[in-house]
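User: I am new to this structure and would like a short tour. Could you take me through it?
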Amino acid sequence: MIRGKREKSMKSSLLVLVAGLVAAGASWSAESLQDVMKRRNLSQQDVLAAAKTYVPTGKRDEFIAFSSGGQSGQVIIYGIPSMRILKYLAVFTPEPWQGYGYDEESKAVLAGGRIDGKDITWGDTHHPAISETNGQYDGQFLFINDKANPRLAVIDLRDFETKQIVANPIFKSEHGGAFVSPNTDYVIEAAQYATPLENKKFHPLEEFNERYRGGVTYWKFDRKAGRIDPKQSFSIELPPYSQDLSDFGKGPSDGWSFTNSFCAERYVGGIEKGRPPYEAGCSAKDTDYLHVINWKKAAELFAQGKTRKINGHDVIMMDTAIKEGILFLVPEPKSPHGVDVTPDGKFMVVSGKLDTHVSVYSFDKIMAAIKAGKFESKDPYGIPVIGMQDALHVQVPLGLGPLHTQYDSKACVAYTSLYVDSQVAKWNFCEGKVLDKISVHYNIGHLMTMEGDSVNPAGKYLVALNKLAIDRFNPVGPLHPQNHQLIDISNDKMQLLYDMPLPLGEPHYVVAVAADKLKPGVRYKVGTNSRTDQPSPGAVRAGEEKTVREGNKVTVYGTLIRSHITPETIEAEVGDEITIHLTNLERAEDETHGFTVSTYNVHASAEPGKTVTVKFKADKEGVYPYYCTEFCSALHLEMQGYLLVKPKGWKPTKTALAAATYTEDDYKKQLKKIADTQAVIDSVVGYITSVNYKDFPDVVAMVEDATDQLGKMPDAKAKHEAAAAKQDWEQANLWAEQVWQYQVKAADLGLRAKTYLEQNGAKKAN
Ligand code: K7E
Ligand code: CUA
């Protein structure tokens, strides 16, 4: 028998492989650490750094980082301290592995990001934010913005899937998001490049000061639904000052938000007309403006209807904001980038890209000035401006090109990136003194400490997000990867530990959460549309599979389970619209099946329990194989089928399928194989039921899957016995083989369960 032979040769090659590994292991361990250090030219420092980052096989990372994927429009997930990449999470851009943009469920999510009726299949992701409860990361949701096409995405961390994309109704770009309020009731987005808010009628640049506007949007997050509620969201109209990054107040400053800006000059360029370029006109003055906004009061004004509808969206106009006393400005030096509220909520740290200082503003002083009505002036739109000296706590000279600031677990300790100096400065924001500096490679943008945006940062590690890698890695052409450098901040002196090339767009910001706060599931409730979290109307259970034709619409309600797709043939006429729903019936962890149909540009990833849908028009007659795209079991390649697209009015000329020849002898061998395998199953079942397996949900799931497989055996057994009685050896052999297939899958699950129990300390059942 071919299969028997194949197994035997697989077994013997396995033995050879194992023997080889043992031999290699022996020679490897004969080398001492000193030998390796000498051979690879490693210093003590290198080895220490390696020991601080190495995560041995089977062990896991302490923190999980969610990095923006820059121009890829995705989120990059990696572990800290190992810096091992775990997933590229699909957000704004189609991603085939996850079926994102290739199955109907995810296409519906992407459709939420359409603007002006157009599909936008890329994004420029900048700032991820983790949901917070009382200012602490809770590990439930992730938000990220698209700067290029002003949109915001909601990712549920129960399954790490993008659930929603909302497009900003009044901006044309958006940079100052995503940042969350301390209880994640709102997610903020600030415009970057000012445009007319309605943007339905053309207004020339000559009308910039009068007609162009910036703003901030407060998206209401409904935590129970796990979605943004656009109807409960609102914006505040702001001057055309190129609003940049934002942050929410916390603790004493809860209820307020802060947004800086970088072109308060309102310059509009024109290099092609001989005017000085933007870079000159936007940095001519010494100061720009920090916007200080009472968002809790703004939410009340919105509730009272003190808004104007622009493009169907509620906007609190500047006049209202000024009259109601919710909007103030504070000068900030010079072309700033980054406003970061300290964990205690008392200070706002602003870095001027073109100023060597970081400016630490005091929330108390700002409030005192507002209360006393002490303003130095009004801006051209009538917004009260608080004097810089009336708001400053301290200014600290740190170095050239300060950009972003993050916080340590130690009180008053902050880290600021210095873009021009290519350094990270560690400093004390209470006393205003520099503590340490470390060089990075090269031109750092953002930096990030563990849980560094929360009310109690975890310290330990810092990641420098360097814009240029230059000479750090093996060259891969003129386009270089980005360089994320891991730095140990647990001691007084910072220590550089690791360089990680990031090969997927330019990440702008990254956030990291303690790994134990994340509790993602391993399976869905059977029949779930994972993008809506609702039962899929296309779901069926085992045995209920069907294909329905209505007019020219063919709808398949199918299932996936090791190792077959039901149905295995789909018949259609040319021109039919085909919809295929597939439910993965597996419960075992990591038993994902994929699905595609040749040349129809569809693909779906069906994790255990998920129902996926692909849809296309069968526009050309012919034969199209479909198959499972994940190597899911030993008979994965056999997980296949044919879509038969017939011409209209086609009639068969030949009606019998070709068959191989089988004998009674073959059948007897099948029966022996089945009996032997049953003995293995019985012994595994004996072990599992002898211990407390019910205390292990993962094992219970595997046992359920195995029971499912075994449950199908009697039917196949009856069939092979009936065929044997009629001496139909072909049918007898094939149905006996199917019995064995069910056994093999059950045994595979049983062995996995047994290993799991042994490794996780199962005890004798009473
Ligand atoms: Cu690149 Cu926060 Cu968009 Cu700074 S941003 S570097
Ligand atoms: Cu299912 Cu391969």
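Analyst: Certainly. A residue is near a molecule if one of its heavy atoms lies within 4 Å of it. Please keep in mind that this is a predicted model.

User: Which residues surround ligand 1?
Analyst: The surroundings of ligand 1 consist of H126, H127, H175, L245, H337, H404, G445, H446, K467 and H508. Strand 4 and strand 29 (444-450) are the elements that give two or more residues to this shell.

User: How many nonpolar, polar and charged residues does that shell have?
Analyst: The shell around ligand 1 has 8 polar residues, 1 nonpolar and 1 charged.

User: You mentioned strand 4. What sheet is strand 4 in, and in what order do the strands run?
Analyst: Strand 4 belongs to an open sheet of 4 strands, ordered 4-5-6-7, with antiparallel pairing. Strand 4 (125-133) and strand 7 (161-167) are the edge strands, so described because each pairs on one side only. On average, neighbouring strands of this sheet are turned by 25 degrees against each other, direction ignored.

User: And over how many bridges do strand 5 and strand 6 pair?
Analyst: Strand 5 (residues 136-146) and strand 6 (residues 151-156) pair over 6 bridges in the antiparallel sense. As an example, N145 has L152 in strand 6 as its bridge partner.

User: Changing topic: which residues form a nonpolar patch on the surface?
Analyst: That patch is formed by L400, Y419 and V420, which together have about 250 Å² of accessible area.

User: Where does V420 lie?
Analyst: V420 is in the loop between strand 26 (413-418) and strand 27 (423-428).

Terms used:
Residues numbered from 1 in each chain as written. Chains lettered and ligands numbered in written order. Predicted model: local features only at pLDDT ≥ 70, side-chain atom pairs only at ≥ 80, totals over all residues. Heavy atoms only, no water. Pairing = 2+ DSSP bridges. Axes fitted to C-alpha atoms, helices over the stretch in contact; angles between N-to-C directions. Nonpolar A, V, L, I, M, F, W, Y, C, P; charged D, E, K, R; others polar. Patch = residues over 30% accessible without salt bridge, like charges linked within 9 Å, V, L, I, M, F, W, Y side chains within 5 Å. Areas by Shrake-Rupley, 256 points an atom, 1.4 Å probe, with all protein chains shown as cover. Salt bridge = Lys/Arg side-chain N within 4 Å of Asp/Glu carboxyl O.
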